[in-house]
Structures are given as C-alpha cells and as structure tokens.
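This report covers the protein surfaces that face two DNA strands and the empty space inside the protein.

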Amino acid sequence: MRTDRPPPPPRSAAARWCVLGGLPNGRLALVELTADGSPISTTQLDAAQLPELVAQQEGAARRDGASPPRWVWADAAAWYPQLLAAGIRVERCHDLRLVHTILRHSQRVQDHAPIRGADAWDVPVLPPVTESPSAGATLFDVDNGTAARGAVPAGIDEVLAEFTRQRAAIESARELSSDRARLRLLVAAESAGALIAAELQAAGIPWDVAEHDRILTEQLGPRPRFGQVPELVAHKAAQVRDALGDPLLSIESQPRLLRALHRAGVDVRSTSQWELMGHGHPAIAPLLQYKKMVRLLTANGWAWMDEWVHEGRYRPVYVPGGVVTGRWASSGGGALQIPRQLRPALRADPGWRLVSADVAQLEPRVLAAMANDQGMIRAGAGTDLYAGIVAAGVVATRQEAKVGVLGALYGGTTGDSGRIVPRLRRTFPRAMALVDDAARLGEAGGTVSTWLGRSSPPADAAWTSAQQAANLPDASTAEQERTRRSARDRGRFTRNFVVQGTAAEWALSWMAGLRLALSRFEEVPENQAARASGPAFARRAHLAFFLHDEVIVHAPAAEAEQAAHAIQEAADAAGLLLFPGSGIDFPLDLAITERSEEK
DNA sequence: ATACGACGCGCG
DNA sequence: AAAGCGCGCGTCGTAT
C-alpha cells in the first residue's frame, strides 16, 4: 500500500552528498554519501514526496549550523524547477550534465578516457524547459530511469557511476599550480549557475507592460489591429518609397532594397546601417529610422509582450553553459538582447526597488589579473580602467584606450585598433603576451584554457587536414590563403576564449556568492510580497536579471541599500577567490531605482 | 510545406 | 565609424 507520508528523516548528519536518481519501478532513489563517496544510506520515495524530503535535509543542516548537503543530480534544469514550484530551494548542487561537458575537454584532467567513454552524457545543447513550473503538473515523470527531458541518463545507477567518474577526473588534476582547486571551484560555480538560472526563470523580471506599451506607441504609433502595420511605421515606409521613387518597393527584401538604392544612385554594397550611414541621399535618414522601428516591432513589439510577459513578469529561459566559452545563452524571448530603449519597462513592484550593478570593464580586469600584469592592474585601480590607461600615458583619449583594449581582446589588426595595440604591447607586456600566446596556440590548432580550467574545443579533423594540405607543395595559392585566414580566425577565437571564459567564471562566482548572501536576508510578510503568484523565495531580496557582467536584484525598498552592499561584497569576494593576492579590483556601477534606466 | 544559410541587428 | 570576439532571433530567398 502506498503512503503519502514522506520517508523518515535521514539518520546521518555526516552526509555530504545527496544523490538523486530514478528507479526502474518509477520511484526515486536518494543515496547519501560521505565526503569521500562512501554510501551511508539509500531511501526510496515517490516523486511527490521529494520536496518535503529536500526541505528536511536543507532545514536540518541549517538548524545545526552545518552546511546543507550538495545535491547531485543529472540535470538541475530537469529537477529544480519543480522543487522551486513547491517552494523549496537548495543551497548547493552538482550538475552532472554541465560538469560532464567541462571535464570532457578540460586540459586539467589527466585521464579523460572514462568521462569520454560515457558518451550518453554528451548533450551539446540543452533543450529548453517547455512548460513553466506549475504546482499541478506531474512532478517527475521518471520512466525507465530517464527523466522527462530525456536528455541525459537519470537512473540512479547511471547517476552514481557518472558521479564517481567525475570525482576521479577532478582528483586527477594536478595539485601543484592549484589546477585541482580551480577545477573544483569551476564545478561548484557552474552548478550554482544551474540553480541560479532556474531561480531567475521562476522569479522572472518585473516588467511594466503599460510602460512597454507607452514606448511602443510613442515610437511606432498605437497598437494596430492584428495583421496591420502600426501607423508611424507605415508612414515611415511611405517616406522611404517616396524618396526612392519606387511606390511599391518591399523594403524588407534586401535584394530589392539594394537594387532600389542603386537605381536612386546610392552606391552601397549592402543595406546594413553602418554602410548606409555615410550617404546623404534623402532616402537614407527615413530608411535608417524605418529599420529601427521595424526591429523594435518584430523583436520586442506587442506580439513579444503577449507571448513572454505574464502577471507582470518576463520569464526568459536561461541556458547555463550555452556558449563554448562558458557564458550563458538564452532560449526564447531573447533575454540577453533586451534593447536598451526598453529598459524603463523593467520596473520594481510597489514598495520594492531594482538594485542594478554592472562591472566596469570586466574582461580587461580579468586579463590583467590572469597575466599578473602590474601595470594594467594599476591602471584599473580607479573605477575606470580606460582612464587609468590614459593616465599611464599610453594613449591620449579614453576612446583610444577602449578601442585598443578591445582590439587586444578580439584580435583587431586594422584601423585605429591595429594602430594602438602595439603601444599596449609595450606598456602591458604580460597581459598582451597572455592573449598573443593564446592566439598563437589556436592558430597552430592547439587548445587553450580559462583560469579555472575550461578548455576550448579541439580543432576538428577537417580543419586540421585542411591546414596540413595547405602546407604541401602542390597547394594552390588560393588554398593557402584560405587556410591561413581560417587559422587566423581560430587564433582570434582562442585569444578571446581565455578572457571571455574567465570573465564568465568570475561572473558565476560573483552571482553564487551574492545568491547565498541574499538567501540570508529577511523575508517580508506575505502581504508585502512582490507577487503573490511568485515563488516563495521572491518574498525576500532576490536576483531578477543577469547579463554577462551585470545583475539586477529585486529588493524590498528597506533592504535595497543592504542588497547593494551585498552585491559589491560579492564582487570583492569573487575577485579574491579567483585571483588571491593579485590586487585587482572589480568596481561596480551601482544604482537603486524603481525603474531601470535607459543608458 | 519545411529546412537552412545569409543577412541584419539587438546584447555583452 | 567599424573593426576584432561571443551569442539569439526575425526575415528573406532558395533548396528540398
């Protein structure tokens, strides 16, 4: 006979890992392990009992002043949303899917064979969560040991086996030069990111549809009936057609627009705005305005609002580890591409505030710390690293400093950037050597790694054989030129990989620390909660938005100052955690507002 | 009908 | 001014 009572509380307080997986009979298994991986106990439970069991484990540890266990599961994106929907948060986890991807390639791992052999865990792209978590839905549809998402194995035996492989792979990293400690940090940070991504989606971004509609109406005209073009857009299109003398022109079609421009005597190679900008023809100004309007309408217009904003929350799907460098991607709704002109639609709930923070020049600061380039670290001592470079006498203006640094990070060789980069190479030799070495390795087909040990994907077989073929005496000049260009492309990728990837690691560490700090904030009474329909954790200050080097915390007004303080403290802590003793600063631009500001 | 690459443009 | 890196998404045009 089945019972809905939860299983008895776990006996041992010594459990460090709580491994979750499915059983062939459709129930769930919880296996507790000690720190060294020895099993303590196995509990069988029904899916419906899981939230309470997790809550018990988290709560018991907290009452004892101990760290809660680390939950080990195949894929946080498959397990965690349902827990959040039931009002349960966990403090820490180990996400086998994300960690597998890291360990599979990491050059810090000495023996890759076991991990690479477990190719059922190779899931290149995360399928988006299709349904928002809702309490009524079936919690876990565990069938044949595979979770509903079906992406990675979720049966308890497979989960335990992969966890064992992963711990062995991490242990195989060299202890010297702190490879192992950094890899552990990366694994923890990546897993924390998986929790944060699920929480961000559950909490949503507080979104003011009235303000959004006001912006759209101001720019495009009032919302038209379905299938109609907004008034100001139609008017602008008419101006363009008029100026080009082509009353039936389909402006959306690039080939036709290009031909119309040529007929009107505008000599452009493409219809992109930077190329149009230089021309004085009377069609150009309205065309550029038209493009802006159509972009706003199609990307973030009323249809977007209807689809993505509900009950005052925009809930995008974040994809942790979605970019090879370790950056997050997003899927659906374009969370990482919200145009700045719509920023005022981000608005705190009544009595709450948005606490926004972005890091000033994150990537160059990360580079300075990685390379231990004292000159560059000194240039970053103030709040503006570019101003510091000007003060060091390298260049005359902030703009030149910025163009030069971006050229160094991206591999710019032409124009202003190509002119300035050599000067940076003289002034900041260690920083430049780090990115130049990464580029040289990549050009030669090699692999590079971030500070914590995420490695770039290896050159594929076709690339390598093309490079080799171009070195043979019978290779044509065209072929040699093509492969040289391809080698330089790869060099620019690996050059940027080490910096972009390490910046992503810093940002994950920042958010992970901030998340823990915020979880200790006071809860407000339910009647002052941000949203009755929101998750329970949204009753206190919580993360609401993340964009590479920027976070927004949604906080009760009385706690906003404290939240701002926590954000800066977490940034300082992340700097010390990744780069102890380097002296690098990570200053933030902080603002407490009711409404996010257009910049 | 559907798939896919190119293009253009939004974000860092 | 863009360039030089990493993305997602809407549209068009062509291939299937």
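Residues are sorted here into three classes: Ala, Val, Leu, Ile, Met, Phe, Trp, Tyr, Cys and Pro count as nonpolar, Asp, Glu, Lys and Arg as charged, and the others, Gly among them, as polar. By that scheme the surface near DNA strand B has four nonpolar, eight polar and six charged residues. The model is a predicted one.

**DNA strand B**

DNA strand B is surrounded by 18 residues, with Gln273, Arg295, Gln337, Arg340 and Asp549 the closest. The helix α11 gives the largest share of this surface, three residues. Sugar or phosphate makes up 80% of the strand B atoms within 4 Å of the protein, and bases make up the rest. Base nitrogens of DNA strand B are nevertheless reached by the side chains of Arg327 and Gln337. Asp549 instead places a polar side-chain atom by a sugar or linking oxygen of DNA strand B.

**DNA strand C**

Around DNA strand C there are 27 residues, and the closest are Ser253, Gly332, Gln337, Asp416 and Arg492. Of the strand C atoms that come within 4 Å of the protein, 71% are accounted for by sugar and phosphate. Gln337 and a base nitrogen of DNA strand C form one polar side-chain contact, and Asp416 also has a side-chain N or O atom by a base nitrogen of this strand. Arg492 contacts a sugar or linking oxygen of DNA strand C. Elements that give two or more residues to this surface include α9 (254–263), α16 (398–410) and α17 (415–427). The largest share, four residues, comes from α20. By class, the surface near DNA strand C holds nine nonpolar, 12 polar and six charged residues.

The side-chain contacts with both strands are listed below.

| Residue | DNA strand | Atom on the DNA | Distance |
|---|---|---|---|
| Arg327 | B | base nitrogen | 3.2 Å |
| Gln337 | B | base nitrogen | 3.1 Å |
| Asp549 | B | sugar or linking oxygen | 2.7 Å |
| Gln337 | C | base nitrogen | 2.8 Å |
| Asp416 | C | base nitrogen | 2.9 Å |
| Arg492 | C | sugar or linking oxygen | 2.8 Å |

**Cavities**

The whole structure contains five cavities of 30 Å³ or more. The second largest has about 100 Å³ of space. Its lining includes Arg89, Glu199, Arg515, Phe537 and His542, and divides into six nonpolar, two polar and four charged residues. At least two lining residues come from each of α6 (179–203), α20 (477–519) and β12 (542–546). Because domain 1 (17–203) and domain 3 (314–362 + 504–593) both give residues to the lining, the second largest cavity lies between them.

Methods. Residues are numbered from 1 along each chain as its sequence is written. Chains are lettered from A and ligands numbered from 1 in the order in which they are written. This is a predicted model: local features need pLDDT of at least 70, side-chain atom pairs count only at pLDDT 80 or more; totals for chains, interfaces and linings use all residues. Side-chain values use heavy atoms; hydrogens and water are left out. On a 1 Å grid over the protein atoms alone, a cavity is a set of points where a 1.4 Å probe fits but cannot get out, and a pocket is an open set with protein on both sides within 12 Å along at least five of seven lines; lining residues have an atom within 4 Å of a point. Grid points are joined across faces, edges and corners, and a volume is the space filled by probe spheres set on the points. Domain bounds come from an automatic or database domain assignment. A residue is near a molecule or strand if one of its heavy atoms lies within 4 Å of it. A polar contact is a pair of N or O atoms within 3.5 Å; within protein, one must be able to donate a hydrogen and the other to accept it, and residues adjacent in sequence count only if both atoms are side-chain atoms.
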